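Work through these exercises with the sequence and the 3D view open. Try each task before reading its solution.

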Amino acid sequence: MYHDAERRKEAAEINASLYALRECVRFRRMQREAALYPDQKGPHVHVPYRSSQLTRVLMECFVKEEARMAVIATVSPNPTDTEHSITTLRTACMISGRDKDCRETKEDVPEILTQIQATRMVAPVHWTNEDVIEWLMKVRKGTFSHLVDNIPSSINGRALVRLTEVMLANICGDKQLGIQVYDAIRREIAKVDEYMSQRRQEARECATRAKSRQYG
């Protein structure tokens with residue numbers, strides 16, 4: 001995305017302020033660690049809170065002994081945000097002073113998770129009118145395909161699952177046919193629920209195996 005000179009300058013100032021904040025938190029942690037071991041002589045630790053306007057505003061957090069701070073690292077499960085999540089975790093480890101204890105492991109996405117994403121089913125309640133029409137054309141080998149012309153354009157998945165047997169009978173023009181469509185919808189809902197339950201269980205098992213390999 002194109003940014004003009006003003007936007008680039010603003011971004012640089014924000015990054016500089018965040019860097020200064022990070023350094024202040026890190027030096028504050030080092031200062032507290034030094035206070036815990038007064039017998040161990042070392043260089044005086046000064047928190048550089050004058051480095052930016054942001055850290056000057058937060059000066060009391062860095063100079064008062066009773067001040068308490070917490071760093072919350074927020075990451076995203078979205079694969080496209082992996083790089084940002086890793087950078088965030090690295091920064092959190094560095095600030096906490098545990099960067100030497102942190103390690104990175106890389107693992108290919110399990111095939112089962114790839115299949116889950118590729119074959120994800122949509123619950124009937126989320127169907128569009130086009131999905132409803134397509135389902136009627138395909139379900140039970142096209143048994144209900146002749147009903148497509150009877151379905152109003154306002155009927156989406158949410159409206160479809162709310163229809164009673166009597167309402168469907170009126171739409172279909174036949175009581176028995178309405179019952180069959182009603183039962184088919186309920187079977188579709190149960191099928192999707194079972195499918196999603198299995199996928200969640202498989203995902204939990206994959207996560208458990210990955211965790212056991214990491215800490216095993």
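Helices are DSSP runs of at least four residues, and strands are runs of at least two, both numbered from the N terminus. Keep in mind that this is a predicted model.

**Exercise 1. Describe the fold of the protein chain.**

Which elements does the protein chain contain, and in what order do they run from the N terminus?

Step 1. Count the elements. The protein chain has 9 helices and 0 strands.

Step 2. Read them from the N terminus on. The order is α-α-α-α-α-α-α-α-α.

Step 3. Look at the contacts with a separation of 6 or more. Residues 24 or more positions apart account for 61% of them.

Step 4. Turn to burial and surface. Of the 216 residues, 23% are buried. The accessible surface comes to about 16400 Å², and carbon and sulfur atoms hold 53% of that area.

**Exercise 2. Judge the confidence of the prediction.**

Where in the protein chain is confidence lowest, and where is it highest?

Step 1. Start with the whole chain. The average pLDDT is 81, and 88% of the residues score at least 70.

Step 2. Find the extremes. Helix α5 (residues 111–118) is lowest, with a mean of 49. Helix α7 (residues 157–162) is highest, at 91.

**Exercise 3. Locate a nonpolar patch on the surface.**

Which residues form the nonpolar patch, and which elements give two or more of them?

Step 1. List the members. They are Ile14, Leu18, Leu54, Val57 and Leu58. Together they have about 430 Å² of accessible area.

Step 2. Assign the elements. Helices α1 (5–36) and α2 (53–57) each give two or more residues to the patch.

Step 3. Check one member. Leu54 sits in helix α2. Its relative accessibility is 32%, so Leu54 counts as partly exposed.

**Exercise 4. Analyse the salt bridges.**

How many salt bridges are there? How are the partners placed along their helices?

Step 1. Take the total. The count comes to 6 salt bridges.

Step 2. Examine Arg7 and Glu10. Their closest N and O atoms are 3.4 Å apart. Both residues lie in helix α1, and because they are 3 residues apart, about one helical turn separates them. Glu10 is partly exposed, at 35% relative accessible area.

Step 3. Examine Arg26 and Glu23. This salt bridge spans 2.8 Å from N to O. Again the partners lie in helix α1, 3 residues apart, or about one turn. Glu23 has a relative accessible area of 11%, so this residue is buried.

Step 4. Examine Lys191 and Glu188. Here the N to O distance is 3.5 Å. Both residues belong to helix α9 (residues 175–215), 3 residues apart and about one turn of the helix. Lys191 is partly exposed at 42%, whereas Glu188 is buried at 12%.

Step 5. Look for shared partners. Arg22, Glu23 and Arg26 are joined into one network by salt bridges that share partners.

**Exercise 5. Compare the surroundings of two residues.**

Are Ser52 and Asn129 buried or exposed? What do they touch?

Step 1. Place Ser52. This residue lies in the loop between α1 and α2.

Step 2. Apply the cut-off: buried means under 20% relative accessible area. Ser52 has 8%, so Ser52 is buried.

Step 3. Find its partners. The side chain of Ser52 makes a polar contact with the side chain of Thr55, at 3.0 Å. Neighbours within four places in sequence aside, Ser52 is in contact with Ser17 and Ala20.

Step 4. Repeat for Asn129. This residue belongs to helix α6 (residues 129–138). Its relative accessibility is 17%, so Asn129 is buried.

Step 5. List the contacts of Asn129, again leaving out neighbours within four places in sequence. They are Ile151, Pro152, Ser153, Ser154, Ile155 and Asn156.

**Exercise 6. Explain an unusual backbone angle.**

Why do the phi values of Arg140 and Lys141 deserve a second look?

Step 1. Recall the general rule. Most residues other than glycine have a negative phi.

Step 2. Read the angles. Arg140 has a positive phi of about 50 degrees, although it is not a glycine. Lys141 also has a positive phi, near 55 degrees.

Step 3. Place both residues. Arg140 is in the loop between α6 and α7. Lys141 is in the loop between α6 and α7.

Step 4. Check exposure. Arg140 is partly exposed, at 40% relative accessible area. Lys141 is exposed, at 85%.

Conventions:
Residues are numbered from 1 along each chain as its sequence is written. This is a predicted model: local features need pLDDT of at least 70, side-chain atom pairs count only at pLDDT 80 or more; totals for chains, interfaces and linings use all residues. Side-chain values use heavy atoms; hydrogens and water are left out. Buried means under 20% relative accessible area, exposed over 50%, partly exposed in between (1.4 Å probe, protein chains only). Contact means heavy atoms within 4.5 Å. pLDDT is the predictor's confidence in each residue, from 0 to 100. Patches are made of residues with over 30% relative accessible area and no salt bridge: like charges are joined within 9 Å, nonpolar side chains (Val, Leu, Ile, Met, Phe, Trp, Tyr) within 5 Å. Accessible areas come from the Shrake-Rupley method with a 1.4 Å probe; for residues, only the protein chains shown count as cover. A salt bridge is a side-chain nitrogen of Lys or Arg within 4 Å of a carboxyl oxygen of Asp or Glu. A polar contact is a pair of N or O atoms within 3.5 Å; within protein, one must be able to donate a hydrogen and the other to accept it, and residues adjacent in sequence count only if both atoms are side-chain atoms.
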